[in-house]
Amino acid sequence: MQSLEAELEDARRLAVDDLADAIESIGFECTRCGACCKADAEDDHTATVFPDEVRDLEAGDSYDGDYDWRDIARPMPYGLSETDDGGFEGETFEWALQTDDCGDCTFYEEDESGTGACTAHDDRPLICRTYPFSVALAGTSQPMGEAVDEAGVVRAHECEGLGRDISRDDAEELARALKERAVRELEEAIAVRDEYEPADPDPGEVVVHDSEGTKRVDGTPLEE
């Protein structure tokens, strides 16, 4: 198994043209069904968001400065223990986009016809910009579920928009975002590894280890 550093170099060498060729061969057009933004029958929606992406969303035009870190991101629940009152405790290593009372992404809305839309579309994270695609490199994240199609290193995950015609320009835009995401995920993983220090959280407390250090649920450094 290669080191994260070796995987990062592989990610940086990915050719956008090759990724676009793969995306074109699979085909994709967003139908705005909202499936990738909503909870499923068993779990709330989870989409990884980088710390700087949280700040971009805080500063975005969608909110006019009315939202803070906790309105946008929550600790990724995987690895945490559930408490008796339905909360969580422990340590985790990622942030996820915040969810509403139904478990859907907090930025997701539907109009009267049931057509979905992202209220923070221009500032949406890379995981959202690239769904339903991923690249087959160790250390990069994969959407939930097994890949249903593949071409080269590109993997396509379940989505009703797969198999539809996509323009070359759109395929290249998606490919650039997909490469950027792969690089960013590996850079984040390396930084989390290098910055990690055991936190020993108190009962009922959650701490998040990200590329900037150890944080409370409100995004502030634990040592403050």
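In this predicted model, the structure holds zero disulfides. Two of the cysteines illustrate how the sulfur atoms are placed with respect to the 2.5 Å within which a pair would count as a disulfide. For Cys105, the closest cysteine sulfur is that of Cys37, and the separation of 6.0 Å is too far for a bond; Cys105 is itself buried, its relative accessible area being 6%. For Cys159, the closest cysteine sulfur belongs to Cys33, at a distance of 5.7 Å, which is again too far for a bond. Cys159, with a relative accessibility of 23%, counts as partly exposed.

Both Cys37 and Cys105 reappear in the surroundings of His45, a residue of the loop between helix H2 (16-26) and strand S1 (48-49). His45 counts as buried, at 8% relative accessibility. When its neighbours within four places in sequence are left aside, His45 is in contact with Cys36, Cys37, Lys38 and Ala39, with Arg74 and Thr99, and with Gly103, Asp104 and Cys105. The loop between H2 and S1 also holds Arg32, whose phi is near 60°, a positive value in a residue other than glycine. Arg32 is partly exposed, with a relative accessible area of 43%, whereas His45 counts as buried.

A sheet is built from strands S8, S9 and S10. Strands of a sheet pair through backbone hydrogen bonds, in either a parallel or an antiparallel arrangement. Here the sheet is open, its three strands follow the order S8-S10-S9, and the pairing is antiparallel. Strands S8 and S9 stand at the edges and each has a single partner strand, so that one side of each is left without a neighbour in the sheet. On average, and with direction ignored, neighbouring strands of this sheet are turned by 30° against each other.

On one side of S10, strand S9 (residues 147-151) pairs with S10 (residues 154-157) in the antiparallel sense over four bridges. Within this pairing, Asp149 stands opposite Ala156, and Glu150 stands opposite Arg155. The two strands form a hairpin with two residues between them, and in the turn Gly152 has a positive phi of about 60°. Strand S8 (residues 133-135) is joined to S10 by three bridges, and these two strands likewise run antiparallel. The bridge partner of Phe133 in S10 is Ala156, the residue that also stands opposite Asp149 of the hairpin. Along S10, Val154 and Ala156 point one way, while Arg155 and His157 point the other way, and all of these residues are buried.

The approach to S8 contains a feature of the backbone. Pro132 lies in the loop between helix H5 (126-130) and S8, and the peptide bond that joins Tyr131 to Pro132 is cis, with an omega of about 15°.

The sheet is also met by a helix, since H6 lies across S8 and S10 and runs at about 50° to S8. Helix H6 (residues 168-195) in turn packs with helix H1 (residues 4-12), the two being set at an angle of about 160° with their axes 9 Å apart. This angle makes H1 roughly antiparallel to H6, angles over 145 degrees being counted in that class. The passage of H1 by H6 is a left-handed crossing. On the side of H1, the contact is made by Leu4, Glu5, Glu7, Leu8, Ala11 and Arg12. The residues contributed by H6 are Lys179, Ala182, Val183, Leu186, Glu187, Ala189, Ile190 and Arg193.

Beyond H6, the loop that lies between this helix and strand S11 (206-210) contains Asp200. Asp200 has a positive phi of about 50° although it is not a glycine, and with a relative accessible area of 66% Asp200 is exposed. Arg32, in the loop between H2 and S1, likewise combines a positive phi with a residue type other than glycine, but Arg32 is partly exposed.

Notes. Residues numbered from 1 in each chain as written. Predicted model: local features only at pLDDT ≥ 70, side-chain atom pairs only at ≥ 80, totals over all residues. Heavy atoms only, no water. Buried < 20%, exposed > 50% of the residue type's maximum accessible area, 1.4 Å probe, protein only. Pairing = 2+ DSSP bridges. Axes fitted to C-alpha atoms, helices over the stretch in contact; angles between N-to-C directions. Parallel < 35°, antiparallel > 145°, perpendicular 65-115°, else oblique. Left-handed = near helix turned anticlockwise from the far one by under 90°. Contact = heavy atoms within 4.5 Å.
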